There are 2 protein chains.
Amino acid sequence: MLALRQALLSPRSVAIVGQSNDPAKTAGRPLKFLRQAGYAGRVYPVNARRDEVLGERAFASLAALPEVPEHVYVVTPTEAAVEAIEECGRLGVRVATVLADGFAEAGPAGEAREARLRDVVARTGLRIVGPSSLGVVNLRDGVMLTANAAFDEKDLPVGRIFAASHSGTMIGALLSRGKARHIGFAGLVSVGNEVDLSVGEICAATLDDPDIDGYLLFLETLRKAASLRAFALAAAARGKPVLAYKLGRSSAARELAVSHTGALAGEDDVAEAFLADCGIARVETFEALIEGLPLVARVPARPRGARPAAVAVVTTTAGGAATVVDPLAARGITIAPPSAETYARLDAAGIAVARARIVDLTIAGARYEVMKGALDILLGAPEFDLVVAVVGSSARFHPELALKPIIDRAGAGKPLAAFVVPDAPQALARLSAAGVPCFRTPEACADAVAAALRRRVPVPAVVRQSAPPGGGRLLDELEAYALLDRLGLARAPGVALAATISRAPALPFPYPVAAKLLGEIAHKSDIGGVALGIADGAGLVAAVAKMRAAVGAHGHQMDRVLVQPMIAGVGEALIGYRVDRDVGPLVMVAAGGVFTEIYRDRSLRLAPVDLDTARDMIAEVRGLKVLAGYRGKPAGDLDALARAVVALSQLALDETVAEAEINPLIVRPTGQGVIAVDALAKLNE
Amino acid sequence: MLALRQALLSPRSVAIVGQSNDPAKTAGRPLKFLRQAGYAGRVYPVNARRDEVLGERAFASLAALPEVPEHVYVVTPTEAAVEAIEECGRLGVRVATVLADGFAEAGPAGEAREARLRDVVARTGLRIVGPSSLGVVNLRDGVMLTANAAFDEKDLPVGRIFAASHSGTMIGALLSRGKARHIGFAGLVSVGNEVDLSVGEICAATLDDPDIDGYLLFLETLRKAASLRAFALAAAARGKPVLAYKLGRSSAARELAVSHTGALAGEDDVAEAFLADCGIARVETFEALIEGLPLVARVPARPRGARPAAVAVVTTTAGGAATVVDPLAARGITIAPPSAETYARLDAAGIAVARARIVDLTIAGARYEVMKGALDILLGAPEFDLVVAVVGSSARFHPELALKPIIDRAGAGKPLAAFVVPDAPQALARLSAAGVPCFRTPEACADAVAAALRRRVPVPAVVRQSAPPGGGRLLDELEAYALLDRLGLARAPGVALAATISRAPALPFPYPVAAKLLGEIAHKSDIGGVALGIADGAGLVAAVAKMRAAVGAHGHQMDRVLVQPMIAGVGEALIGYRVDRDVGPLVMVAAGGVFTEIYRDRSLRLAPVDLDTARDMIAEVRGLKVLAGYRGKPAGDLDALARAVVALSQLALDETVAEAEINPLIVRPTGQGVIAVDALAKLNE
C-alpha cells in the first residue's frame with residue numbers, strides 16, 4: 001500500500017472535490033494555492049456543475065478521473081463530503097482531507113455522519129484528515145491542499161519545522177508570525193477533529209523525513225493521547241524536539257474546546273502531566289511556541305530525579321534583565337548567582353560585577369570584550385545549565401558592542417538564549433540566523449527557557465493507554481485493604497463486626513478506635529457512616545447504633561461495621577490511582593483535606609512511576625512541605641510516602657482495577673513509615 | 001519660585017555639567033540630542049577642561065554662566081556630581097538631574113554622598129532627579145536632558161502619554177517598542193534612585209499639562225509610596241489613567257531590585273494592594289504596559305463592592321479567541337455567554353452563533369455585516385462591561401471583512417478591545433489610529449483587559465502614610481484584649497491568675513479551658529506557653545505548673561497565666577493590621593494556619609477599609625471558601641468577619657499602635673458572630 005507519508009504530504013497526484021471557480025471563496029483556494037506554489041504533481045479539480053474551474057478542466061466526479069489520486073481534498077458542504085469520502089473509499093484513495101464541519105460537534109445527525117466516515121476507514125485503506133481541516137501543506141513541494149486564506153502569501157519561508165494544529169486559524173498565525181521572525185516551516189497540517197488520523201499519527205508519519213528537525217503543536221484537546229505519546233517517544237528517540245501550546249489552562253477555555261470541537265475536556269494538570277511524561281515541552285504563551293523550538297532543541301531533556309536546573313542571567317541592563325527574571329522565577333526556575341570560582345574568573349578577566357543574583361555588566365560597560373569574556377566564563381561554569389543574555393539599547397544602535405559577542409558564542413556547547421530589550425528586529429534576525437535562540441518579549445523568553453529546562457526524558461509506555469471500560473463495582477473497605485496488601489502497602493488492621501452488636505467486642509488492638517460503615521458506598525462520612533476516637537467498648541456499641549440509625553435515615557442499609565485502631569502520625573497525605581479517559585493510568589499525590597481541592601495542590605504522573613519520580617512528585621506538592629520539617633515541626637517519612645506512591649502506581653499493570661484512593665494515608669515520623677487508614681477501589685467491568 | 005513643572009520639563013535654559021566633546025560617549029549625548037531635537041531654549045555646556053564642546057562654547061563652571069539655568073543635567077562622575085549639586089544649590093538652580101551612580105546602593109561612602117545631596121535640597125530651593133537618572137525628556141519642546149542612547153533616533157512619535165521609570169534602559173524599550181506600535185510619548189523621565197523627587201512627585205508636576213492624557217510607570221520598587229499615592233489620587237480626580245508594570249513578583253527579582261537600586265523590597269502582594277488602592281492598573285507583561293493605556297482609559301474604575309466585571313468575546317476564529325480566553329480566565333476575569341435576550345437579538349439579526357461562552361461567528365461568516373451586527377448587539381448588551389473582538393487571518397488579507405466593523409464601532413460607549421491573530425502590523429496601526437485599543441499577543445490583550453477591569457476607584461488617603469517609629473513595647477494578651485474592646489471586637493473572656501496556683505480556682509466560665517502564659521512575649525506556644533482543652537480544675541493546676549517549668553526552661557519567667565474558655569466555631573480566620581515600611585497602614589485577612597503561609601493565601605488593603613472592601617477581601621481568600629458553605633459544611637458568619645476586619649482596620653487612625661493580629665479569630669455559624677481567642681499588639685515608641 002502507498003506509504004502514508006507520501007500520500008499525506010508528498011502526493012504525486014491530488015484531487016480537489018468541490019473546487020470552486022471563484023478564487024475568493026474558501027472552496028476556490030486550493031487550486032489557486034497549488035498553482036501559485038508551483039506544485040509539480042497532477043491536479044484534478046472535481047466539480048459536478050462545471051467543466052472548467054479557474055481556467056482548468058474540471059471533472060464531474062472522482063470516478064471520472066484518469067487515475068486514482070493519492071490525496072483528495074474534499075471542500076464541499078457536509079453531506080456531499082460524506083458521499084465523496086465514501087467514493088474515495090470505493091476507489092482506493094489513500095488519504096482524504098475533509099474541510100466541512102457538522103460532525104461529532106453537531107449533535108446526533110453529525111455523529112451519524114461521523115460514523116459513516118469511520119466505517120469507510122474501517123472497511124478500506126483510506127485514511128482521513130479532519131473533518132474541519134483547513135488542509136495539509138508541504139511547503140517544500142508546493143503541496144498546498146489547503147483552503148486556509150493565510151497561505152495567500154508570497155515568499156513564505158521554508159524551514160525545518162513541522163507544525164500540527166487543531167485550529168486552522170492558528171496555522172495562519174504560526175505562518176505569518178513565524179515569517180515576521182524569519183522562521184519557516186517544512187509542513188503544516190490543520191488536523192481538525194481527528195475522526196481518523198490524529199495529531200500524533202500525522203506527525204509520526206513525518207518522523208523519518210530528514211528535512212524535519214522538530215515539531216510545533218497547537219493543541220485544543222488530547223483526543224487521541226496514545227498516538228500522541230507514541231509519536232513523542234519516537235521523536236525523542238530520534239532527537240527531534242516537540243514543543244506544544246495547549247489550550248485549556250482555564251475551565252472557561254476547556255468549555256470552549258468542548259463546544260468548538262466536540263472533544264471532551266480533561267483537567268489541565270492531567271494534560272500537563274501527560275505532556276511532561278511524553279517529553280513534550282509545553283509553553284504558556286503563543287509567542288514562545290513560535291520562538292521556542294531552537295532553544296528546546298539545544299537543552300537536553302532532564303532525567304527523573306535530576307537536580308533542578310540553574311540559569312545564569314548576564315546583562316548590560318539590570319532593569320531589563322529583571323523583566324526576564326520575574327516570569328522565570330514565577331515558573332519555579334532557579335536563577336543562580338555565580339559560584340566563588342566563577343566570580344574569581346570574572347575578576348581575573350577584569351570584568352567588574354557586583355555580587356548579585358545576575359551578572360550585571362553595567363559597571364564593566366557594554367563592550368564587546370566584556371560581554372564576550374563574561375559569556376566565555378559563564379558558559380564554561382559547571383553550576384549553570386543555561387545562560388540567558390539580556391541586551392539593552394545597544395542592541396538597536398550598536399550591535400557590535402553586546403550583541404555580536406552573543407552571536408560569536410552561538411556554537412557554545414551549553415545552551416544560550418537572548419532577550420533584546422528594545423524593539424530590534426534586525427538584532428533578532430541576526431541572532432536567529434547565527435543559531436542563537438532569541439525572544440521578542442521577556443515573557444516569551446522566560447516561558448521558553450522554563451519549558452526547555454523542564455522538559456523531561458519521556459517515560460516509556462509500558463501499559464495500554466486506552467481508557468478501560470470502568471463501570472465495575474466499588475470494593476468495600478476490607479476488599480480495598482486486600483488490594484493494598486497485594487501491593488505491599490501498609491494499612492491499619494481492622495475487624496469487621498455485625499452492625500447489630502449490643503455488647504462490647506473483644507478487639508485485637510487497644511482503644512481509642514474508629515468505626516466505619518463497611519459496604520460498597522463511596523462517601524461514608526456524608527451519611528453518618530464514620531465515627532472516630534471512640535474511647536471504650538460502651539462508646540463503640542453506642543456509636544455503631546447511632547451510625548446504623550443515621551445510615552438508615554439516608555436510605556442505606558448497614559449490615560457490617562469496620563473497627564480500626566486510631567493511628568496517629570505527623571500528618572496525612574492522599575494518594576490515588578485512576579485510568580483517565582484521555583491519557584490512561586495516572587497516579588496522584590496530594591496533601592489531602594479540603595486544601596487539596598481549594599488550592600488544586602496535587603502532583604500527577606502517568607503510571608507506573610519509579611522512586612525518583614515519586615520523590616519529584618512529593619516535592620511538587622506545596623502542602624506536603626509541612627511534612628518536610630517545616631518551621632521546626634517533626635518531619636514525616638516522605639521516603640515511605642514515595643514508596644507508597646510507587647506501589648499504588650503498579651495498579652497500572654492490573655487491568656482489573658479502574659481506580660483506587662487512600663485518603664488519608666497517615667504519615668509517621670521519619671523511619672516509621674506510612675499507613676493507610678481508609679481506602680477506596682473500583683473495578684473495571 | 002519657578003514652577004517645578006517648568007524647570008523640570010519645560011526649562012527655558014539648561015546647563016550640561018560634564019558635557020563631553022565626544023558624542024559617542026555617554027556624557028557627550030545630551031548636547032547632541034538637544035541640538036538634534038531643535039530645543040529652542042538656551043543651552044550652556046559646562047566643561048572645566050575645554051573651551052569648546054561639539055563645536056559650541058563650553059563654560060568652565062556653573063558660576064561662570066551668564067544666567068542661572070532653570071535645569072542642570074550633571075553627567076560627571078560621582079564625586080564631581082556632588083560638588084556640582086552643591087554649586088547648583090548655592091546658585092539657586094531649581095532642578096538638577098544627576099546621572100552618576102555610587103550613592104545609597106554603594107555602601108557607607110555612597111550614603112554619605114547621598115546625605116550631602118539631601119542637605120542641599122533641605123537648605124535651598126533645588127530639587128533633584130536621580131541619582132542614576134538617564135535623564136528627563138519632553139519630546140514636544142525638544143527638551144532632551146538625557147544621556148540615554150535610546151534617544152539617538154529620528155522620527156520619534158510625540159504622543160499624549162507621560163512615562164516614568166526607575167530603569168533608564170526601560171525608557172528606551174518603551175520608546176522603541178512604542179514607536180513600532182505607533183505609540184508616542186509627551187515626556188519620559190528616568191527617575192533613578194529618587195533621593196529627592198520621586199516618581200509620584202515628578203508625575204504630579206505634569207498633572208495640569210493639558211497635552212498629557214495618561215501615565216505609564218515602570219517600577220522597580222515603592223520607595224516613596226505616599227507621594228505616588230497622592231499623585232494617583234490626583235490623577236484619578238482628573239480622569240487621567242495610570243498604568244504600571246512593577247517588578248518583583250518573584251523574590252528573585254525583588255532581591256535584584258535591592259542590589260541594583262539600594263531600595264528595600266517589600267512583598268509583592270503588598271505592592272499589589274497598594275497599587276490597587278491607589279487606582280493604578282497593574283499589568284504583568286511588558287507589552288501590555290506599552291499597549292494597554294488606551295484600554296485602561298476607556299474602562300471606568302470599579303467602585304468597591306461592585307459585582308465582578310463580565311467580558312464578551314466575539315470572534316471569527318474560536319481557536320484564536322481561546323488563546324485570549326485562557327489567560328483572561330486565569331486572571332479571574334469572567335468570560336460570560338450572552339443573555340437569552342442578547343441571543344434573541346443575534347438570532348433576529350440573522351447572525352447564527354452556537355450557544356457557547358464566546359460568540360463565534362465562524363458559521364455566520366467573517367463578513368462586514370456579521371461582525372458589525374454582532375458588535376452592535378454585544379456593545380449594547382447590559383450584561384457585558386467590555387467586549388473583546390478577536391479577528392483571524394482576514395485581518396491580514398481582507399481588513400474590510402472583520403476588521404473594518406471594529407474600526408467603525410470605535411466610538412461605542414462601552415469599551416471594545418481587539419486582538420488580531422495573525423501577524424498584521426497594518427491592522428494594528430489602523431485600529432490604533434481609529435482609537436480601538438488593540439494588542440499584538442493574546443497574553444498582552446488578556447493582561448491589559450484584566451488590569452483595566454480590575455482597576456478600582458482609589459481609596460482616599462485619610463491617614464498619614466509614612467512608616468511610624470515602631471519599636472514600642474509588645475502588649476500582653478489582656479492589654480491587647482483591651483485594645484480589641486476599644487475597637488468593638490468580640491473576644492473570649494479571660495481570667496488572669498498567678499502562675500503559682502496550687503488549688504483549682506473559681507472560674508466565671510465552665511471547663512474545658514485554655515491556659516496561656518500572660519506576658520509580653522510574641523510566640524508563646526514556641527516556649528510551651530499554651531495549653532488547650534484543659535478538662536477540670538486539677539488539670540488546670542497541673543497544666544500551669546508544667547507550663548511554668550517549660551517557660552522557665554526557655555529562660556523566661558512566668559508570673560501570670562491567662563485562663564479562657566475553649567470556644568468552638570465552624571472555622572478560624574487570621575486578621576491583622578500593621579504599618580508597612582513602604583506603603584503605610586495595612587489590614588489583612590487570611591484563613592490562618594500553615595496553609596496561609598504555604599499558599600500565600602491572604603488579602604491585603606490599605607487601612608482603614610469599609611464593609612464592602614472587607615467583603616471583597618474575604619472573597620479573595622481561597623481558604624475562606626470552607627467557611628462559605630463549602631461542600632455542604634456549615635457556613636460561618638462571614639458578615640461578622642467582615643465587620644471585624646473593618647474594626648481592626650480602624651487602628652490606622654490610632655498613631656500609637658504599630659501592629660495587631662488576631663490569630664485565631666473563631667468564626668461561628670452564620671448569625672453568631674466571630675470571637676478573638678488570641679491577640680497580639682505592638683505599640684509605637
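Patches are made of residues with over 30% relative accessible area and no salt bridge, nonpolar side chains being joined within 5 Å; the legends below describe a predicted model.

**View 1. A nonpolar surface patch that includes a residue of strand β24 of chain A.** Val530(A), Leu532(A) and Met566(A) together make a nonpolar surface patch of about 250 Å². Val530(A), which is found in strand β24 of chain A, is partly exposed at a relative accessible area of 31%.

**View 2. An open antiparallel sheet in chain A.** The sheet holds 4 strands in the order β22-β25-β23-β24, and its edge strands, β22 (495-498) and β24 (530-534), each pair on one side only. From one strand to the next, the twist averages 25 degrees. Strand β22(A) is joined by 4 bridges to β25 (residues 560-565), to which β22(A) runs antiparallel, and within β25(A) it is Arg560(A) that serves as the bridge partner of Ala498(A). Helix α20 (residues 477-487) of chain A lies across β22, β23 (513-518) and β25, at about 50 degrees to β25(A).

**View 3. Cis peptide bonds that lead into proline in chain A.** The bond from Tyr511(A) to Pro512(A) is cis, with omega near 0 degrees, and Pro512(A) is found in the loop between β22 and β23. The bond from Ala607(A) to Pro608(A) is likewise cis, with Pro608(A) placed in the loop between β28 (602-606) and α23 (611-620).

**View 4. Positive phi at His182(A) and at Asp155(B).** His182(A), in the loop between α5 (168-180) and β11 (185-190) of chain A, has a positive phi of about 60 degrees although it is not a glycine, and counts as exposed at 59% relative accessibility. Asp155(B), in the loop between β9 (143-146) and β10 (158-165) of chain B, has a phi near 55 degrees and is exposed, with a relative accessible area of 68%.

Terms used. Residues numbered from 1 in each chain as written. Chains lettered and ligands numbered in written order. Predicted model: local features only at pLDDT ≥ 70, side-chain atom pairs only at ≥ 80, totals over all residues. Heavy atoms only, no water. Pairing = 2+ DSSP bridges. Helix = DSSP H or I, 4+ residues; strand = E, 2+ residues; numbered from the N terminus. Axes fitted to C-alpha atoms, helices over the stretch in contact; angles between N-to-C directions. Contact = heavy atoms within 4.5 Å. Patch = residues over 30% accessible without salt bridge, like charges linked within 9 Å, V, L, I, M, F, W, Y side chains within 5 Å. Areas by Shrake-Rupley, 256 points an atom, 1.4 Å probe, with all protein chains shown as cover. Salt bridge = Lys/Arg side-chain N within 4 Å of Asp/Glu carboxyl O. Buried < 20%, exposed > 50% of the residue type's maximum accessible area, 1.4 Å probe, protein only.
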